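The exercises below are to be worked with the sequence and the coordinates side by side. Each task is followed by a solution that proceeds step by step.

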Amino acid sequence: MFDDFFSRAIIAGVGLAIIAGPLGCFVVWQRLAYFGDTMAHSALLGVALSIAFEINILIGVFSVCFLIALVVGRIGEQSMLSGDSTLGVLSHSSLAIGLVLVSLMYWVRVDVLHYLFGNILAVNWNEILMIYSGGALILFVLVLKWSNLICLTVNEQIATAENKRPTNARFIMMVLLAAIVAFALKIVGIILTVSLLIIPAAAARQFAKTPEQMAVLAALFGVIAVIFGLMLSIEIDTPPGPSIVMSAAGIFIAGVITTRIVRKRQRRTNQVV
Amino acid sequence: MDSMLAGLQSASVIRNGRWLIRDIDLSIRRGEIVSLIGPNGSGKTTVVKVLSGSITPDSGSVLKSNGIRIGYVPQRIAIDSTLPMTVRRLMNINEKFQTIEVEEALDEMNILKLADQPVQELSGGEFQRALFARALLRKPDLLLLDEPSQGLDFKGEIKLYNQIVDIRDRLNCGVLLACHNLHMVMAQTDTVICINCHICCVGTPMHVVNNKSFEELFGSEAARSHALYQHHHDHNHLPDGSIISEQ
């Protein structure tokens, strides 16, 4: 009964959302949205190189994303350009090079659209296994390094003074981000990967009082968005990736409206008292 | 004990062709309060950052005794508004302390009632005290304070200085206190280092008990906890901090 494409899509999507939630929080906290976008865009270059050298796409994409992260770090230290311009140059040029390379490879037919927007309904058990084992590893590292990552987020100088090795923590963050981009590629695609990281986390921010609450809520919102989005896409025959992201956006907007109303009520009761 | 906790040996930092600090020698012993004074841009924060490990000196060396625990209160930091963080949670970001310990530290800094507030809603002075409470909870061997009195009014400043002395006595830690107020240095300071890129002078502060105008202005309590550090500069600086030799 579980072996239909819809169940596989839900299982894969839920797994991805659980990892994307906490990682997305760090993307939001450390203002890495554009950085994540750059990594995601470079994924297509990873796809092209993987096909050319006949290596596993997951590994190829991960390696390219990670290399791009290193390059960003290096250029960022020495560049005259602002951070976002550097990222813009890398982001779009790697996407363009990826597209050109893919089109040059006449001996394989690569459906670029699948990589741009994902194809969650075509996910197979092998890929699900990869997402869950890789995801477990990502979550394990996150939990293990949690206090280092939080210290780095709060203040790098304090983290250094208290021996929490922020440079190390930042490196781990890059590896984890590269990994999630590789995993998300097949599911929501290059264009929507960052949204799966950011939107649930942004929605969770409105309700959370501590970093841990935000991470758990972000995972929860992501799971809801995946399930709701996939049901929507089956029901009214819309593309699954965008439907998932749209559902996440719906949760975010609902969150904004609720917190506004609650705050207004509080203000009113405060005035009465 | 009189053991050396940390120090710098002719440490220099150059950024963009400019000396931020040049040939700084200093040492902090257990139980000693060292005040680092100097005008804005004189390199006080750089010295603190070199000692805390954020900046590696371009020449010279940093000495630290093995396994030293540092409590660091940086100058003017902000926590990103995207990060949900209560004062209570901020206390535990590195290691987990017991609730009683946390509340004692917050109470000592007079911010216990703010324990469950988001840190972003604190005022500058309250946030500074929260960071101070954090540093204390660690029971540090060395306390690095970069302009800890900013955002405090005069009374708050005096109270803070008394607390620093108190903490030193209780924890028997070394304290490095960077402070831009050239004229007002705590009487309890053991060593005052005046820097302007390089070290201008080092000495002990003098009491101002007999200074009537100071007492009238700030009250006798203030006079007892503050002293004028009298120092005369016997040289002038070029913009890069080097000394103009008199001819």
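**Exercise 1.** What percentage of the 247 residues in chain B do buried residues make up?

*Solution.* The coordinates belong to a predicted model, and the step needs a cut-off: a residue is buried if 20 or more other C-beta atoms lie within 10 Å of its own. By this criterion, buried residues make up 42% of the 247 residues in chain B. The secondary structure of chain B consists of six helices and 13 strands. Turning to contacts in chain B with a separation of 6 or more, one finds that 69% of them join residues 24 or more positions apart.

**Exercise 2.** Describe how helices H1 and H9 of chain A pack, beginning with their axes.

*Solution.* Two packed helices are described by the angle between their axes and the distance between the axes. For H1(A), residues 5-29, and H9(A), residues 166-185, the axes come within 11 Å and cross at roughly 145 degrees. The crossing of H1(A) past H9(A) is left-handed. On the side of H1(A), the contact is made by Leu16(A), Ile19(A), Ala20(A), Leu23(A) and Phe26(A), while H9(A) brings Met173(A), Leu176(A), Leu177(A), Ile180(A), Phe183(A) and Ala184(A). Sorted by type, the residues of this contact comprise 11 nonpolar, no polar and no charged.

**Exercise 3.** Locate the largest nonpolar core and follow one of its residues with the most contacts.

*Solution.* The largest nonpolar core has 151 residues, and those with the most contacts inside it are Cys65(A), Ile180(A), Val181(A) and Leu176(B). H1(A) gives this core its largest share, 13 residues. For Leu176(B), once its neighbours within four places in sequence are left aside, the contacts are with Ile28(B), Val34(B), Leu36(B), Val48(B), Leu51(B), Leu144(B) and Leu145(B).

**Exercise 4.** Which elements of chain B each supply at least two residues of the side that touches chain A?

*Solution.* Begin with the counts: 19 residues of chain B are in contact with 21 residues of chain A. On the chain B side, helix H1 (44-52) and strand E5 (70-73) each supply at least two residues. This side of chain B divides into 10 nonpolar, six polar and three charged residues.

**Exercise 5.** Compare the settings of Ser10(B) and Asn172(B), where phi has a positive value in a residue other than glycine.

*Solution.* Most residues other than glycine have a negative phi, and most peptide bonds are trans. Phi of Ser10(B) is near 30 degrees, and Ser10(B) lies in strand E1 (residues 4-15) of chain B. With 13 other C-beta atoms within 10 Å, Ser10(B) is partly exposed. Phi of Asn172(B) is near 50 degrees, and Asn172(B) lies in the loop between helix H5 (154-171) and strand E7 (174-179) of chain B. Because Asn172(B) has 11 other C-beta atoms within 10 Å, Asn172(B) is exposed.

**Exercise 6.** Which element of chain B has the lowest mean pLDDT, and which the highest?

*Solution.* The model as a whole scores ipTM 0.85 and pTM 0.84. Chain B averages a pLDDT of 80, with 78% of the residues scoring at least 70. Among the elements of chain B, helix H6 (residues 212-225) has the lowest mean pLDDT, 44, and helix H2 (residues 87-91) the highest, 94. Over residues 207-219 of chain B the pLDDT is below 50, and this stretch has 14 contacts in the model beyond near neighbours in sequence. Residues 221-231 of chain B also have a pLDDT below 50, with 34 contacts beyond near neighbours in sequence. Where pLDDT is low, the predicted coordinates should not be read in detail.

Key
Residues are numbered from 1 along each chain as its sequence is written. Chains are lettered from A and ligands numbered from 1 in the order in which they are written. This is a predicted model: local features need pLDDT of at least 70, side-chain atom pairs count only at pLDDT 80 or more; totals for chains, interfaces and linings use all residues. Helices (H or I, at least four residues) and strands (E, at least two) are DSSP runs, numbered from the N terminus. A residue is buried if 20 or more other C-beta atoms lie within 10 Å of its own, exposed if 12 or fewer, and partly exposed in between; C-beta atoms are placed from the backbone. Two residues are in contact if their C-beta atoms, placed from the backbone, lie within 7 Å. Axes are lines fitted to C-alpha atoms, for helices over the stretch in contact, and angles run from 0 to 180 degrees between N-to-C directions. A crossing is left-handed if the near helix is turned anticlockwise from the far one by less than a right angle, and right-handed if clockwise. Ala, Val, Leu, Ile, Met, Phe, Trp, Tyr, Cys and Pro count as nonpolar, Asp, Glu, Lys and Arg as charged, and the others, Gly among them, as polar. A nonpolar core is a set of buried Ala, Val, Leu, Ile, Met, Phe, Trp, Tyr and Cys residues joined through C-beta atoms within 7 Å. pLDDT is the predictor's confidence in each residue, from 0 to 100.
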